[in-house]
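Here is a short report on a predicted model. It takes up one helix, then the nonpolar cores, then the empty spaces, and ends with a single residue.

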Amino acid sequence: MLLFLLSANFSDCFCAPQLEGYLDQTLVTQHLTKNQQRAYDELLKLRPEPARALLRTEQPRSAGTLLVADCIDFTELMISQDANRYAAVVQAQDERLATLAESPEPGPLRAYARAEIRLHQAAAQVAFEHEVQGAWSLRQAYQQMQATVKRYPDYLPARKTLGMMQFFIGSLPEGYRWFLKLLGLAGSVEVGLQNLRVAAQRPNDFQTEAQIILALIHETYYKQGEESSRFIQQLTQQQSDNLLFAYLAISINKRLHHTDQALAAYRSRPSGAGYLPIAYLHHMVADLLLYQGQYAASQRENLLFLQEYRGTHYRKDAAFKLYLASWLSGDQASAERYRRQIDAAGRTVLEEDTYAQRFFDDQQPLNRTLTRARLQIDGGYYREALTTLESFATTAHTSLRDRLEAPYRRARAYHGLQQLDSARYFYARTVALAGDAPYYFAPQSALQLGYLYQMQGQTRLAKTYFQKALTYPKHEYKNSTDTKAKLALESIKQ
């Protein structure tokens, strides 16, 4: 399951359980039909209507049809974030689950479809603020997928989804442990990765999905971004008409600070009839243009995002970026209007929105020089950022936040240029100056120092800094920082 992002024969790997031993192996449903596979492939291109058209020739109550149909509904809901569609999607999921529960269809595909649809339902329920129902749906999905893997150990799609759940549950910060114990869920990063690797390496109907999930994990948590980027680029070259692959190329290049490549991927993305509209693309591109100092163009893209988007997430972040574009271009009246909009819009579930809301609540003015440097660094323009930072100087009136941000930005710029001695010096300076200040500069510096020392083979020092990153109390990016530090510590133990 690729959530809102979102092949071959392996019958020689299939082991039928003893209860079904009397069945002819050819009658045991373990694969999508050719048409169901084609529909799934169209969905991976983010073309839901062509996918639905292909399913109309299939048996409507078969496990494969029900599964792919649910993938289509779920993908549309999660990408659009349209609350008006939520009730109908959940009802359709309940009906599909009831059909599968009564189905005599043998084999692993039916069991996998039940668990996968339940997981889709859990994600939808949590996304649309039905957290209690979502938690119990997650518990059911996890237990059902565990049972499917136990009964059909060589059915790789189930290993893919179970591995994904095991990894993400195992990597959650400590603050969630009580909740997971209440649900009876025990994750394992190592076991989860093993299951994902098996599903990614061996042919199966959902191998590409497993490969993408694994690549995103490697990029996000294990500093293997360039390798993951090459894999995504290979996918886009193989399928130039695949909007999901183009989206992933834009997203991963943005996170790797490759602004020019991300914009090139955006401009060459497939479009036209049949493709699902993705409002969030405008928000991503607005960031990229902001990094380049194209303030008017960035504003246009974020206004398009807010106009087309139906969800509640990223609205505060979009208002904050609109504020930055107006403020940096000298339009104070518009900047103040967008600043007030931060408090009026959206939720603070995502870290980007939390950061924007904190900026509003603190009422502490940003430093223009440091803000420009931050955006240049986010865009991968490291030399330009160092030039910008040359004009920054502290005075008796410089705030603690700005005193901490200045060395942190220098560290990030030197790190991006691979001038690692200078990066380590300014990261360490940030940590030393910060004390217990409630900003993310010190915990992020500790995390990056951990990575740098780990790369050098100095595991003792690396461990010290990863542990230090975990000690900081509430800051804007605590969840993601703690998760990365925790996974890094686990990798040192192995």
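## Helix α10

The buried residues of α10 are Q207, E209, A210, I212, I213, L214, A215, L216, I217, H218, E219 and Y221. That is twelve of the 15 residues of α10, so this helix is largely enclosed by the rest of the structure.

Helix α10 covers residues 207-221. From its first C-alpha to its last it reaches 21 Å. At 1.5 Å a residue, 21 Å is expected, and the helix comes close to that. K223 follows α10 and has a positive phi, near 55°.

## Nonpolar cores

The largest nonpolar core holds 147 residues. Which of them touch the most other members? They are L67, Y112, I278, F305, F320 and Y323. Helix α16, residues 315-328, gives the most to this core, with nine residues. Apart from this core lies another, of ten residues. Its members include L77, M78, A123 and A127.

F305 can be followed further. Leaving aside neighbours within four places in sequence, F305 is in contact with A279, Y280, H282 and H283. H313, Y314 and A318 are also in contact with F305.

## The second largest pocket

The second largest pocket has a volume of about 260 Å³. Its lining is made of 14 residues. Closest to the centre are R110, A111, R114, R151 and Y152.

Two helices, α5 (108-127) and α6 (131-151), each supply at least two residues of this pocket's lining. Which of the elements gives the most to the lining of this pocket? The answer is α6, with four residues. By type, the lining of the second largest pocket divides into five nonpolar, four polar and five charged residues.

## The largest cavity

A probe the size of a water molecule, rolled over the atoms, shows where empty space is left. The largest cavity has a volume of about 100 Å³. It is lined by 13 residues, and the closest to its centre are Y355, L366, T371, R374 and E405. The elements that give two or more residues to this lining are α16, α19 (368-378) and α21 (400-416).

The largest share comes from α21, with four residues. The lining of the largest cavity divides into six nonpolar, two polar and five charged residues. Helix α16 thus has two roles here: it gives the most to the largest nonpolar core, and it gives two or more residues to the lining of the largest cavity.

## The second largest cavity

How much space lies in the second largest cavity? About 80 Å³. Its lining is made of Y355, R358, F359, D362, Q364, L366, R401 and E476. Helix α18, residues 351-362, contributes the largest share, four residues.

By type, this lining divides into three nonpolar, one polar and four charged residues. Y355 and L366 line the second largest cavity, and both are among the residues closest to the centre of the largest cavity.

## D482

D482 is found in helix α25, residues 478-493. Is D482 buried or exposed? Its relative accessibility is 10%. Buried means under 20%, so D482 counts as buried.

Which residues is D482 in contact with, leaving aside its neighbours within four places in sequence? They are P173, A469 and L470.

Definitions and conventions:
Residues numbered from 1 in each chain as written. Predicted model: local features only at pLDDT ≥ 70, side-chain atom pairs only at ≥ 80, totals over all residues. Heavy atoms only, no water. Core = buried A, V, L, I, M, F, W, Y, C linked by side-chain atoms within 4.5 Å. Buried < 20%, exposed > 50% of the residue type's maximum accessible area, 1.4 Å probe, protein only. Contact = heavy atoms within 4.5 Å. 1 Å grid on protein atoms, 1.4 Å probe; cavity = no way out; pocket = protein on both sides within 12 Å on 5 of 7 lines; lining within 4 Å. Points joined across faces, edges and corners; volume = space filled by probe spheres on them. Nonpolar A, V, L, I, M, F, W, Y, C, P; charged D, E, K, R; others polar. Expected span 1.5 Å × (residues − 1).
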